[in-house]
Each structure stands twice: as structure tokens, then as C-alpha cells.
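Me: Please take one part of this model and look at it closely. Start from a single side-chain pair and work outward through the helices around it. What does the packing look like there?

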Amino acid sequence: MRKLSTFGLFFGLAFLTSLIAAQGGKAIAETLAIAGWQIFWLPVFYLFPLLCATFSWRALFAPWQVPPFRFSLYASWVGLAINWLLPVAQIGGELARVRLLVKRRFPADIAFASVIGDKTLQVITQALYTFVGLMLFLALKQGSVLQNIVHQQRAIAGIAAGIFIMTVASWGFYRVQRLGMFGILTRIAKKFPRVNSTASSSLANLDTAIHAMYDRQKRLVIAAGWRIAFRLVLAGEVWLALYFLGHPVSWVEAIILESLGQGIRTAAFAIPGGLGVQEAGFMVIGTALGLPTPVALALSLSKRVRELVVGVPGAIAWQVTEGIDALRSSEVRS
């Protein structure tokens, strides 16, 4: 029964992944019709943002606890693939990274602390990046968009609200961590007799690990720098995609499109993969910057192509690894 349940779980995940890949075939075909096969340079280019994300995460570990580079790169790839493709509200990938670390005998508190810190930096830098993009957008357009186009007024108001929400949420999350969020949970857990002492101890250890991580200020600054580099390099993907689509833009316009587009997608984190939201965001922002609507839509589809080409193999690799480990565990128990 254990083997059957395990097989059923991973068969379901594999079926979901294959369904997403099949549905994505339409996006790939539409993008190829416009940009041609050169659009497949985008997945190759994504190696640079992936490296930045990996270096940022590794900087959050103590120097003597940093996981091997190849493993870190693999875990980052898997985490991004899961967040892109599966309905996990942008946190499933982080949990997968924790699991991969724990399987390599990393202490659970260290694993969770690194991922919590990395997620906090992601949200903070996204809020900052979106704010910079909005300021560049307003400076480029000199307010004309706000005066003339109602739909874009609403879009900018929504972006500003998203920046505010992301900033408050990320700062609040950081402060709660510094105040000892898990220590509070430990005290609450002790009031329940069914919660064992090991679970309470793990929560207390997690608080200690998080405080130690944030106290390593030099490494925290390095991690933030790599995370900002990740955001900026992604603007290169937008520039490259529009070049292939026959509508080259300036570097500033690429930053505006990437920062505001990702800001909208982040604000809609509850929607799996930001489906529909990303497309609408790029269409509104792209139109405001003078891009034809079909090109703005093709830009969003180009990013979907990259997510599929990079993400599907990552999701499959994770499922295969987890499936093999689960079967081995069930054999040991039986």
C-alpha cells in the first residue's frame, strides 16, 4: 500500500507536469511563428539569472556550512521550476529546497533559515525593483500616460498599491523573524500536550538559526547584491526577447518592462504561474511604452517558453529523484 500510494502521488505530479508542458505547446508555437527558433536562446541566457540566484542563496549560509555549488545550482533550478509550473503559491519551490538540503543531512533549522531569508530578500528586492521601474516609467513618460489613458492610470495605481503591500509585508515579515516568531510558536506549542519536545526544540533552534543568519551582515549584503543582480540580469532577457521579436528597446525600457511585469506577477502570487496576470501586465505596460499589443503579448509568451524549456526538465528531475527515494524508503519499512 505504501508503494502504491507513493506511486500514485508521483504519477499525479508527473501527469500535472506533462499537462502543463502540453498546454504550453501552444505558447511555444505562437512565439516561434513570430520570433523563430532564435527564441530558444532565452533558456540558455537564463543560466546567468540562475547563477545569481544560486550565489545569493549560498551567501546566507555560514562560511563553513555552504552547500556544494553543483547541489545549490540544482536545488535552485528545482525550486524555480516548481514555483513556475505547479500551483504552490510561490512557496512550494522553497519547501523543495529545504527537503533537498535535509536529505543531504543538513540540519533542518539551517535549511529552513536559509530559505526563509532568501524568500525575504526576494520580496524586498522585488518591491525595490518595482519602485525603481515605476519611477523610470513616470520619468520616461513625463506624466502624459497618467493624464490621458484611464486603463493605464488604474494599472499604475495597482502597481503602486502592490509596491506598498510588498514593502509592508516583507518588512513586517523580517521584523517578526527578528522578534523571535518561532520562539513565540514554541511557547504556544508547549501548551499542547500532544506536541512533543522535539518539535518545540526544532522551532526554538530555527529562531536561533535565523538570528545568526541576519547577524552575518556582510554575507547578508552580499546575498542582497546577488539578488539585485538577478533582477537586473532578467531585464537582459526582456531586451533579448524583444530584439528577436523585431522590436528592440533601450535598456531602461527593458528594466521598466521586467520590473513592473514581475511586480504585477508577484502581487498575484496566489494565481498558479501568474497565468493571465503576467500577460495582461506586459500588454498594458508594453502598450504604454509604444509596443504593439501583439508584440507585448509575444514577450510574455517568450518568457513562458523559457519557463517551460527550463522548468519542465527541472520538475521531472525532482519527481524522479523523489520517487526513487520514496520507493527505497517504503522498501526499507516493509
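Reply: **One side-chain pair and the helices around it**

The side chains of arginine 227 and aspartate 118 are joined by a polar contact of 3.1 Å. The model is predicted, and side-chain atom pairs count only at pLDDT 80 or more.

Start with the arginine. Arginine 227 sits in helix H11, which covers residues 217–244. Its relative accessibility is 5%, so arginine 227 counts as buried, the cut-off being under 20%. What else does arginine 227 contact, leaving aside its neighbours within four places in sequence? Asp118 is on the list, and with it come Ala53, Ser56, Leu121, Gln122 and Thr125.

Two of those residues lead to helix H3. Ala53 and Ser56 of H3 are among the residues that meet H11. H3 runs over residues 47–58. It has twelve residues and reaches 16 Å from first C-alpha to last, close to the 16 Å expected at 1.5 Å a residue. Which residues of H3 are buried? They are Pro49, Leu50, Cys52, Ala53, Thr54, Ser56, Trp57 and Arg58. Ala53 and Ser56, the contacts of arginine 227, are therefore both on the buried list, where the cut-off is under 20% relative accessible area.

Now the first helix pair. The axes of H3 and H11 come within 8 Å and cross at roughly 165°. An angle over 145 degrees counts as roughly antiparallel, and H3 and H11 are therefore roughly antiparallel to each other. Their crossing is left-handed. On the H3 side, the contact uses Phe48, Pro49, Cys52, Ala53, Phe55, Ser56 and Arg58. H11 answers with Arg219, Ala223, Trp226, Arg227, Ala229, Phe230, Val233 and Leu234. Arg227 thus belongs to the H3–H11 contact and also has its polar contact with aspartate 118.

H3 has a second partner. Helix H4, residues 69–85, packs on H3 at an angle of about 115°, with the axes 9 Å apart. That makes H3 roughly perpendicular to H4. The H3–H4 crossing is right-handed. From H3, the residues involved are Leu50, Leu51, Thr54, Phe55, Trp57 and Arg58. From H4, they are Phe69, Ser72, Leu73, Ala75, Ser76, Trp77 and Leu80. Phe55 and Arg58 of H3 appear in the contact with H4 and in the contact with H11.

Serine 72 shows the H3–H4 contact in detail. Is serine 72, in helix H4, buried or exposed? Serine 72 is buried, because its relative accessibility is 0%. Not counting residues up to four places away in sequence, serine 72 touches Thr54, Trp57, Arg58 and Pro67. Thr54, Trp57 and Arg58 are buried residues of H3.

Follow H4 one step further. The axes of H4 and H5 come within 7 Å and cross at roughly 150°. That makes H4 roughly antiparallel to H5. This crossing is right-handed. H4 contributes Phe71, Tyr74, Ala75, Ser76, Val78, Gly79, Ile82 and Asn83. H5 contributes Gly92, Gly93, Glu94, Ala96, Arg97, Leu100 and Leu101. Ala75 and Ser76 of H4 meet H5 and also meet H3.

Past H5 comes a loop. Arginine 105 lies in the loop between helix H5 (92–103) and helix H6 (108–141). Its phi is positive, about 70°, although arginine 105 is not a glycine. Arginine 105 counts as exposed, because its relative accessibility is 79%. Arginine 227, by contrast, is buried at 5%.

One of the contacts of arginine 227 gives a last link. Thr125 is in contact with arginine 227. The C-alpha atoms of threonine 125 and threonine 167 are separated by 9.2 Å, though the two residues are 42 apart along the chain. Threonine 167 is in helix H8, residues 150–178. Threonine 167 is partly exposed, with a relative accessible area of 39%.

Finally, the setting. The chain has 14 helices and zero strands. Of its 334 residues, 47% are buried. Take contacts between residues at least 6 apart in sequence: 74% of them join residues at least 24 apart.

How values were computed. Residues numbered from 1 in each chain as written. Heavy atoms only, no water. Helix = DSSP H or I, 4+ residues; strand = E, 2+ residues; numbered from the N terminus. Buried < 20%, exposed > 50% of the residue type's maximum accessible area, 1.4 Å probe, protein only. Expected span 1.5 Å × (residues − 1). Polar contact = N/O pair within 3.5 Å; in protein donor to acceptor, adjacent residues only side chain to side chain. Contact = heavy atoms within 4.5 Å. Axes fitted to C-alpha atoms, helices over the stretch in contact; angles between N-to-C directions. Parallel < 35°, antiparallel > 145°, perpendicular 65-115°, else oblique. Left-handed = near helix turned anticlockwise from the far one by under 90°.
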